[in-house]
Each structure stands twice: as C-alpha cells, then as structure tokens.
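I opened my notebook to look up two things: how a pair of helices packs, and what the cysteines are doing. Come and look along with me.

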Amino acid sequence: ASPRLGEIRGENAVAAMKRRDGPVRDNTLWTWLPVGAQVLLAALANVASSSTLTVFNAWIFRQGYHYQWSLIVVQQMVCAIFAVAQVACIPGEARRVRISRKDYAATLLPFSVVVSLKLYVQNRAFELVSPAFYAMIASTLPVGVTALSVAVGAEPFRVATCVAAGVVALGGAMIHAGEVALSPVGFALTLVAMSLDVARLVLVQRLVQPLGLSSVGLMLLSAPLQCVIAAIGAAVLESGSVAAAASAGEFTALAWSLVFLNGALAVVVNLVIFVFIKVASAVAVAVTTPFKDLAVVLLSDEFVVRRSETTTSIVGFALACAASLGYNVWNIGVKERERKDRETRERATEQYVPLAGGSGSATDSRLKFAPMEEEEEEDEFDEQVDAHAGVWRIADAHNATLACVGTAVLVTCAAILAQLDYSAVMGR
C-alpha cells in the first residue's frame, strides 16, 4: 500500500469517528443551513405552534367541550398516522427507527405516561384559570428544567442557579398576587402541569436523545402509547358524559371538525418540539418559553378571556421572564465554552498509534491506524444488534402503531357505545 493510501484511510477514520461522536441531526430538508439559523427557525416555529395550540385548546374547553382524554385520543391518533406517512416518505427515515424492547418499555413508556398526564392536567387547568395566567406561571419553567437536571446529574450545581431560581420565584409570587379571581383548584392543577412539563423536557434530553431516534421516529413510537393511555382515561372517566352528549345531539359536524383540527395542530407542535431539541437541547427549548408565554398572554386576553392584566402580574411576569432568559443565555454560553474546551483536549490527545511489528514511522502509523479497526468492529456489532430478535425495526413499529391505535379506538368507542341512549339517537 502507498503512503498516500494510508493518509486517506487515516483521514477517513478520523472523519468517521467525528461523525459518530457528533450530535445526531434530523433528516430534514433544512440541515444545509448553519446551526444557528436552524435553531432560530425552530425557535420561531416552536413559539408560533405552541402558543396557537395552547390558546385553541383553552378556547375549545371554554366553549363547552370538557372531554380532555377523548381529545388526547384524537390528537395522538392523528399524530401516529402522520408519523407513519412521514417515515414512509422521507428517504432513509425507516432505517433509523430502531429500538430494543427494553428501551421501549423502560424509556418510551414512562415518557408517554408523563406526556399524557401533562396534557390532561393542563387541559383541566384551562377550564378553571385563564390561559394568560397559566402562561405567566409557565415563565418559571426554565429554572425548573435546570433544577431537575442538576438533581439527576445532567447539569452541575452553580450558585447562579440558586440566584435565578430566587428571582423567578419572586416573579411567580407577584403573578399569583396580581391575579384578581383565582381558583385554588385551578392553581393547583397549574402547578402539577408545570411539574410534569419539566419532567417531560428532561426525559426527552436524558432518556430519548441517547436512543438516536429522529423526531418523526419518536412520534411514531410514542404517539400510539399515548393514544392507549388516553383511551383508558376516556373510557373510565369520560365515556358516560360523552355518551350523554352524543345522545343529546351536541356533537355536530363543526364540533368534530374542531377536534380534528386540534389534532392537526398537535402534530405540528410535537414535530417542532422534537426537532428543536434535536438541533439544540432542553435548556435551549426553555429559552423560548418567555416568548411563547407572551404570545399566549396576548392571544388569550384577546380571544379566550377578554381582560386586562394587573400591574403586579405584568411586573412579576417581566421579572420571571428576564431572569429565566438571562440565566439560560448565560448557561448556554457556559456549555458552549465547555464543549469547545473538550474538543480542544480531544484534538490534543489524538495521535497515530502504530500496531505491533511496525517500525513506528509516520508511514506505518498511517497505514495501521487503530481507530479504523474499531470502526469496522463497531459496524459489525451494529449489524449483529440489528439482526437480534430483541431489537425492533420499522415493521415492528408499524405493528405496534396499528395495535395501539386500534386498541385505543376500540376501548373508547366500546365504552361510549355501551352507555349511549339509542332511543334518543334513533328518535332524531
């Protein structure tokens, strides 16, 4: 072999190692953009989609639709169908859907339970408190995410974290004090929903990202589970009320259209959030929270509950948003410097290791680059893992989707039909 061939093999090995160790990017059409532009676009999309869905949900519940679990069933069913279609349409996406049975049960199932509970509790809170108040309280989310990350060891403890938490807590107290008419039950539900949201964001970063799933693949695997969980809740808690409303003729074509439009918005929100976390992190997602909350406050006060916020609430909201945003911008800068320092140390330790029997010259080292063999061994290991019966691929994901969605629809419909007043329905 020529020395030039050894150089090429060595360069290819280094490039392969960097690709393997680097962050996993989504297979989207906009990855040709700079990373900063990707994060900015994802942040704007996150603000617009999340605020719209939040206000639309609250508007539906304020108009008399009180069946939160049933709505979640429809949302997740639409998300699952959308995910199946997108995985089939995006080249190479199907090959990325790979998960072990252990990870499916131990990682995705808890994640799906937390997401389902968060959606339900949040929707219940919207019936008792203004979406604007909920959004202002949600301005404390970034510090909650960071605090839980510190507790689980994902983030180091810093004094700045305590200072930011104190300022945000003061802002939250002012928001609470400035609320003119506040339901104690609604406030308690708001706090529970916020806690579940913090757990959701940290779970995505700590448990889901290491699996290497794309945003669409994650939706394909998690939406059917959430559909089943919501169907159980709908059958136990809401089937009687839904049956009574259907018997009375309250479910018109417009009502069904609004429900499925809500499901379509849920597809957009889930996709945007997962893509955002892929190109950034849970903390970066939290940075956009003040802007999303501000959009929710403005839309809610205009279209859901027409009112003017008190000065105390506005000052508290501004204080919490400023503290959260300032802390997270500082924290991201710290993490960026740590990442650059780590990369510098890694480059400094890179060296060519000659194998036994070589002369130790640069030519021998390039011809016998040790990481090249490691890469080949890892590829062989991946092929063995793929062939193992304990790893699920795209066909298994499709089967799980069909089984979960079918079961959810069957459970929900059977529970409603069992309590339907057929004489009233046939009489119309």
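My notes on the helix pair come first, then the cysteines.

Ground rules: I am reading a predicted model, where local features need pLDDT of at least 70, side-chain atom pairs count only at pLDDT 80 or more, and totals for chains, interfaces and linings use all residues. Residues are numbered from 1 along each chain as its sequence is written, and side-chain values use heavy atoms, leaving out hydrogens and water.

**Helix pair.** I looked up α5 (residues 101–126) and α10 (residues 215–247), which pack at an angle of about 50° with axes 9 Å apart. That makes α5 oblique to α10 (oblique is what remains after under 35 degrees, roughly parallel; over 145, roughly antiparallel; and 65 to 115, roughly perpendicular).

Next I checked who touches whom, contact being heavy atoms within 4.5 Å. On the α5 side I found, among them, Y104, F111 and Y120, and on the α10 side, among them, L218, I229 and E238. The residues of this contact comprise 13 nonpolar, four polar and one charged.

**Cysteines.** How many disulfides does a search of the whole structure find? The search finds zero, a disulfide being a pair of cysteine sulfur atoms within 2.5 Å.

Why is C404 without a bond to C227? The closest cysteine sulfur to that of C404 is in C227, 8.2 Å away, which is too far for a bond.

I also looked up burial (under 20% relative accessible area is buried, over 50% exposed, partly exposed in between, with a 1.4 Å probe and protein chains only). C227 is buried at 0%, and C404 counts as buried at 14%.

Note on methods
Axes fitted to C-alpha atoms, helices over the stretch in contact; angles between N-to-C directions. Helix = DSSP H or I, 4+ residues; strand = E, 2+ residues; numbered from the N terminus. Nonpolar A, V, L, I, M, F, W, Y, C, P; charged D, E, K, R; others polar.
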